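Student: Could you give me a close look at one part of this model, the small sheet, and then place it in the wider picture?

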Amino acid sequence: MESEIAQITQHTGGVIGNAWLMIAFPLLGAFILLVFNRLTDRWGHLLGVAMSLASFVVAVLAFFELIGLGEAERRRAVHLYEFIPNLDINMGLLIDPLSISFALLITGVGSLIHIYSIGYMAHDEHRRRFFAYLNLFVAAMLLLVLADNYVGLFIGWEGVGLASYLLIGFWQFKPSAAVAAKKAFVVNRVGDLGLLVGMFVIFTTYQTLSFAELKPIEVENGTTLAIGLLLLLGACGKSAQLPLQSWLLDAMEGPTPVSALIHAATMVTAGVYLVVRSGAYFFPEGSGAALAVAIVGAATLLAGAIIGCAKDDIKKGLAGSTMSQIGYMMLGAGLGPAGYAFAIGHLITHGFFKADLFLGAGSVMHGMNDEVNMRKYGGLRKYMPLTFWTFFIGYLAIIGFPLLSGYFTKDGIIETAIEHNQVLGWLAVLGAGITGFYMSRMVFMTFFGQKRWAEDAHPHESPTVMTVPLIVLSIGAIFLGGYLVLSNRLLLFLAPAVGRPEELPTFHFVSVPGITTLALVAVGAGYAWVRYAQAEVPVVQPRGSFVTTFARRDLYGDALNESLLMRPGQWLTRIAVFFDNRGVDGLVNGLAAGIGGSSGRLRRIQTGFARTYALSIFIGAALLTGALLLVGTI
Amino acid sequence: MTTHYLVLSGLLFAIGAMGVLIRRNAIVVFMCVELMLNACNLAFVTFSRQVGNLEGQIIAFFVMVVAAAEVVVGLAIIVTIFRTRRSASVDDANLLKY
């Protein structure tokens with residue numbers, strides 16, 4: 001089997017040997033900002049940015065040290081300390097092509113978003129706290145991808161969940177934000193349960209949770225299938241895949257940089273990372289577990305795209321699109337080593353263009369008094385030229401405009417999918433067409449057409465500190481895809497970590513699926529042009545057909561959760577409350593009332609007349625004497 | 001031959017007990033208590049003679065001592081109550097109740 005992955009070898013010294021610094025810097029930043037609190041208000045944001053940049057520098061140095069090694073030696077484990085000696089679990093880092101790709105994405109895009117946030121959060125009095133949480137997130141996410149065992153991964157996994165909760169609910173004075181944060185946390189718990197139980201099964205089966213000690217499998221059996229499905233459940237929770245997708249749309253209540261960093265570029269891709277990282281162990285090519293991953297991906301990419309078509313809130317539209325794009329990655333992750341490379345490639349390019357789009361949306365909101373309703377935008381391209389052009393590049397990249405990033409990575413996934421499974425592949429093509437429609441709708445409603453602004457809106461370009469990250473991200477959105485996919489650069493780089501396909505894919509600029517995709521995208525974009533750029537867009541949301549309502553209500557995902565889980569849960573709690581009130585409390589209160597009542601009557605015996613007491617003494621003495629006489633002791 | 005003494009002792013005790021239960025005047029109640037004590041003394045002394053040792057007579061002396069002490073305290077209480085309430089009825093001093 002050619003998809004053998006390289007052995008993991010121990011490493012000491014050098015930048016890789018000190019890779020823990022990558023995690024330590026942002027963690028230190030979060031610590032200082034949270035502990036010294038108000039003292040750091042004036043320069044806290046700068047410290048946050050500096051820590052994130054320092055981490056990025058370490059990641060870049062580690063990357064260069066890694067590519068300096070031979071191809072078979074590029075999986076380096078760094079031992080840190082004994083974590084749970086009784087179970088022989090050690091804490092260590094695994095620096096390999098897969099983890100370093102993620103580390104570069106997280107610290108690179110993360111740093112840009114940190115910089116952007118300086119401007120975006122300038123008027124927020126809690127900006128320092130915001131940067132503390134961002135740093136905490138970066139540290140946890142790096143631990144997630146760098147850990148050399150599932151325990152470390154899980155700690156990072158929960159860490160990002162915590163940071164996500166804190167950041168979604170950053171404006172916790174808004175009830176909607178507080179509820180959204182709670183919802184994200186609870187839904188993620190369901191997925192975490194899957195990951196946790198999966199880890200239990202792994203440990204009982206193999207007595208280890210370390211990536212270095214697990215052996216790649218070629219044929220799946222019942223146990224690995226169960227582990228694979230449990231890990232997939234975990235991935236679904238974190239990556240907002242069906243059926244645990246409902247939290248992502250609400251998560252847009254957080255500040256926009258959070259949506260860009262956590263709920264588009266990095267954290268939500270953790271599920272893809274988990275599947276790819278576990279790929280060789282539990283998702284062998286052609287196995288049932290891998291098929292399940294691909295099916296979940298294909299279903300989500302369509303669901304997300306359909307939701308994206310109906311949203312008027314620009315951020316929720318982008319959230320639907322994020323779901324959809326992660327669906328593509330999951331689809332790729334279910335297709336074996338060739339798919340892994342495209343999935344990770346799409347993940348990286350998506351990290352750039354989706355962060356670009358989100359930050360662009362944030363820039364628009366910044367100029368429009370935090371208005372998110374696209375029906376109140378329109379014709380903004382003249383007022384925010386830089387935002388417009390960077391957003392437009394992100395838009396072209398996501399719909400797969402030829403030669404931009406999304407074109408290469410998404411087409412790669414689609415073609416690999418069609419090779420493996422016709423049905424899923426063509427569903428992905430359909431999804432691409434819908435992407436063309438909803439993204440065009442978003443661009444046209446925001447930047448083209450007539451002005452439909454609120455009366456007090458004075459759109460203006462954002463400050464430089466916000467536009468520079470946009471420009472950097474859009475440059476990535478243009479070139480990165482081609483660089484990674486052409487001549488299989490990313491695939492060959494990742495091969496030691498995830499395996500190499502039996503034959504290397506070649507990128508076809510002209511192919512049936514490719515042309516069909518482009519045609520569908522063009523049709524979608526054209527239809528959007530007719531409906532949202534040429535025709536007048538109503539400022540008030542029209543009622544819409546059954547299908548529109550279906551999409552607006554998130555495919556009734558919330559309604560389903562509510563009727564299947566929430567209502568029965570409420571009934572259960574109501575029954576429990578009733579039992580507690582009437583049953584347990586009734587018993588306790590009844591007992592107390594009984595004692596109280598009877599003692600209230602008994603105390604009447606205490607009349608205060610000395611002669612009554614004397615009588616009772618005499619009667620008692622008489623009874624006692626009588627009893628003694630009866631027993632016969634006298 | 002001691003039966004008469006014991007019957008007398010029982011009668012005196014019963015009269016004393018009855019007095020404690022039905023009389024209201026604190027002084028009379030008090031005297032009835034003394035009567036009961038002395039009925040007991042009589043019984044003690046009688047048994048002492050019947051059994052032929054001195055223990056009963058010794059206890060009778062103890063009872064007298066205790067009774068004397070009790071008279072001192074009891075009368076003092078009764079006088080104090082009378083001074084504050086202008087009444088020597090045991091039923092009037094009934095504040096200590098539910």
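Student: To set the scene, how many helices and how many strands does chain A have? And which strands of chain A form the open sheet, and in what order?

Tutor: Chain A has 23 helices and 3 strands, both being DSSP runs numbered from the N terminus (H or I over at least four residues for a helix, E over at least two for a strand). Bear in mind that this is a predicted model, where local features need pLDDT of at least 70 and side-chain atom pairs count only at pLDDT 80 or more, while totals for chains, interfaces and linings use all residues. For the names, residues are numbered from 1 along each chain as its sequence is written, with chains lettered from A and ligands numbered from 1 in the order in which they are written.

Now the sheet. The 3 strands of this open sheet in chain A run in the order S1-S2-S3, with mixed pairing; two strands pair if DSSP finds at least two bridges between them. Strand S1 (9–10) and strand S3 (89–95) of chain A sit at the edges with a single partner strand each, so one side of each has no neighbour in the sheet.

Take the S1 side to begin with. S1(A) pairs with strand S2 (residues 76–84) of chain A in the parallel sense, over 2 bridges. Thr9(A) has Arg76(A) as its bridge partner in S2(A), and Gln10(A) has Ala77(A). Ala77(A) turns up again on the S3 side: its bridge partner in S3(A) is Leu94(A). There, S2(A) and S3(A) run antiparallel and are joined by 7 bridges. The hairpin they make has 4 residues between the strands, and in it Asp88(A) takes a positive phi near 60°. As background, most residues other than glycine have a negative phi, and most peptide bonds are trans.

Asp88(A) has company on that score. Just after helix H2 of chain A, Asn37(A) has a positive phi of about 45°. Two more sit in the loop between helix H14 (336–367) and helix H15 (385–399) of chain A: Asn369(A) belongs to that loop, and so does Asp370(A). Phi is near 55° for Asn369(A) and near 60° for Asp370(A). Asn369(A) counts as partly exposed because it has 13 C-beta neighbours inside 10 Å, whereas Asp370(A), with 9 other C-beta atoms within 10 Å, is exposed. (The rule: 20 or more other C-beta atoms within 10 Å of a residue's own make it buried, 12 or fewer exposed, anything in between partly exposed, with C-beta atoms placed from the backbone.) As for peptide bonds, a cis one joins Leu242(A) and Pro243(A), with omega about 5°. Pro243(A) lies in the loop between helix H8 (222–239) and helix H9 (246–250) of chain A.

Back to H2(A) itself, residues 20–35. Its 16 residues reach 22 Å from the first C-alpha to the last, close to the 22 Å expected at 1.5 Å a residue; the expected span is 1.5 Å times one less than the number of residues. Its buried residues include Met22(A), Ile23(A), Phe25(A) and Pro26(A), along with Leu27(A), Gly29(A), Ala30(A) and Leu33(A). Their cover includes helix H3 (44–67), helix H4 (97–120) and helix H5 (127–146) of chain A. For another helix, try H13 of chain A, residues 314–333: 20 residues reaching 28 Å, close to the 28 Å expected. Here 20 of the 20 residues are buried, so H13(A) is largely enclosed by the rest of the structure.

Zooming out, the C-alpha trace of chain A spans about 120 × 65 × 55 Å along its principal axes, and 53% of its 634 residues count as buried. Of the contacts in chain A with a separation of 6 or more, 81% are between residues 24 or more positions apart, a contact being two C-beta atoms, placed from the backbone, within 7 Å.

Finally, chain B: 10 of its residues are in contact with 11 residues of chain A. That side of chain B has 7 nonpolar, 1 polar and 2 charged residues (Ala, Val, Leu, Ile, Met, Phe, Trp, Tyr, Cys and Pro count as nonpolar, Asp, Glu, Lys and Arg as charged, and the others, Gly among them, as polar).
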